[in-house]
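Dear colleague,

I am passing on the structure below, together with notes on what turned up when I went through it. Please read the notes with the structure open beside them.

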Amino acid sequence: MIRTDKEYSAMKERLLQDEKLIQAQEEELKKLGLTEDQIKRVVEPTISFHQQLKEEVAYYERIKKGEFDALENLSGLGRILIGARIAIGISQSDLANRLGVSEAQVSKDERNEYHGMTIEKAQRILDALDIKLISKVESLPKKLAS
């Protein structure tokens with residue numbers, strides 16, 4: 001997940017470089033006499049990685065605009081917290097200061113997408129970002145007969 005504008009800029013540049021690399025690989029493989037199917041198999045891993053990178057860039061662009069995916073059963077809460085920080089324009093350093101922890105700790109937590117964090121820690125982050133997360137119960141299983 002892209003977490004800073006610096007990473008975003010680097011990934012945008014990487015996308016451009018990858019496009020040129022893929023095109024150059026395809027041209028070179030054609031010169032070697034490989035079939036279209038053979039060329040496709042050779043460049044497929046690079047194209048797959050390139051597509052993942054494009055999706056990460058698109059996700060970052062969406063969260064910068066404040067567009068978030070729905071949160072289901074707290075799955076993805078870490079990504080929401082990181083996205084919220086990015087959307088409101090607070091750096092990892094600023095968040096660290098607000099939380100009273102080191103920037104290195106925030107960076108580590110975000111690299112792990114806050115995996116295994118407590119509800120209390122999530123609430124401290126929400127408070128530090130001055131945002132409100134609202135969830136609701138949408139479906140309950142039918143009551144089992146006694």
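The largest pocket holds about 440 Å³ of space, where a pocket is an open set of points on a 1 Å grid over the protein atoms alone, at which a 1.4 Å probe fits and which has protein on both sides within 12 Å along at least five of seven lines; its volume is the space filled by probe spheres set on the points, which are joined across faces, edges and corners. It is lined by 14 residues, of which Leu71, Glu72, Asn73, Ser135 and Lys136 are the closest to its centre, a lining residue being one with an atom within 4 Å of a point. Sorted by class, that lining comprises seven nonpolar, three polar and four charged residues, with Ala, Val, Leu, Ile, Met, Phe, Trp, Tyr, Cys and Pro taken as nonpolar, Asp, Glu, Lys and Arg as charged, and the others, Gly among them, as polar.

Please keep in mind that this is a predicted model, in which local features need pLDDT of at least 70 and side-chain atom pairs count only at pLDDT 80 or more, whereas totals for chains, interfaces and linings use all residues. Residues are numbered from 1 along each chain as its sequence is written, and side-chain values use heavy atoms, with hydrogens and water left out.

The second largest pocket encloses about 170 Å³, and its lining includes Leu71, Leu74, Leu77, Ile131, Lys132, Leu133 and Ser135. Helix α6, residues 119–129, is the element that gives the most to this lining, with five residues; helices here are DSSP runs of H or I with at least four residues, numbered from the N terminus. By class, the lining of the second largest pocket has eight nonpolar, two polar and two charged residues.

Also in helix α6 is lysine 121, which counts as partly exposed because its relative accessibility is 22%, given that buried means under 20% relative accessible area, exposed over 50% and partly exposed in between, with a 1.4 Å probe and protein chains only. Setting aside neighbours within four places in sequence, lysine 121 is in contact with Gln105 and Asp109, contact meaning heavy atoms within 4.5 Å.

At the other end of the chain, helix α1 (residues 5–31) has 27 residues and spans 39 Å from its first C-alpha to its last, close to the 39 Å expected at 1.5 Å a residue, the expected span being 1.5 Å times one less than the number of residues. Tyr8, Leu15, Asp18, Ile22 and Leu29 are buried in α1, and the buried residues of this helix pack against α2 (36–64). After α1 comes glycine 33, whose phi is positive, near 90 degrees.

In the segment before α1 sits arginine 3, which is classed as buried because its relative accessible area is 13%. Not counting residues up to four places away in sequence, arginine 3 touches Tyr60, Ile82, Arg85, Ile86, Gln92, Glu110 and Arg111.

Turning to the interior, the largest nonpolar core has 24 residues, and those with the most contacts inside it are Tyr60, Ile63, Leu81, Leu95, Tyr114 and Leu129; such a core is a set of buried Ala, Val, Leu, Ile, Met, Phe, Trp, Tyr and Cys residues joined through side-chain atoms within 4.5 Å. Two or more residues of this core come from each of α1, α2, α3 (77–87), α4 (92–99) and α6.

Tyrosine 114 is found in the loop between α5 and α6 and is buried, since its relative accessible area is 5%. Beyond residues up to four places away in sequence, tyrosine 114 touches Gly78, Leu81, Ile82, Leu95, Val106, Asp109 and Ile125. Its phi is near 60 degrees, a positive value in a residue other than glycine. Glutamate 113 lies in the loop between α5 (103–111) and α6 and likewise has a positive phi, near 50 degrees, but glutamate 113 is partly exposed, with a relative accessible area of 29%. Most residues other than glycine have a negative phi.

Helix α5 also deserves a note. Alanine 104 lies in this helix and counts as exposed at 56% relative accessibility, whereas serine 107, placed in α5 as well, is buried with a relative accessible area of 18%. From C-alpha to C-alpha, alanine 104 and glutamine 92 are 8.6 Å apart in space and 12 residues apart in sequence.

With best wishes
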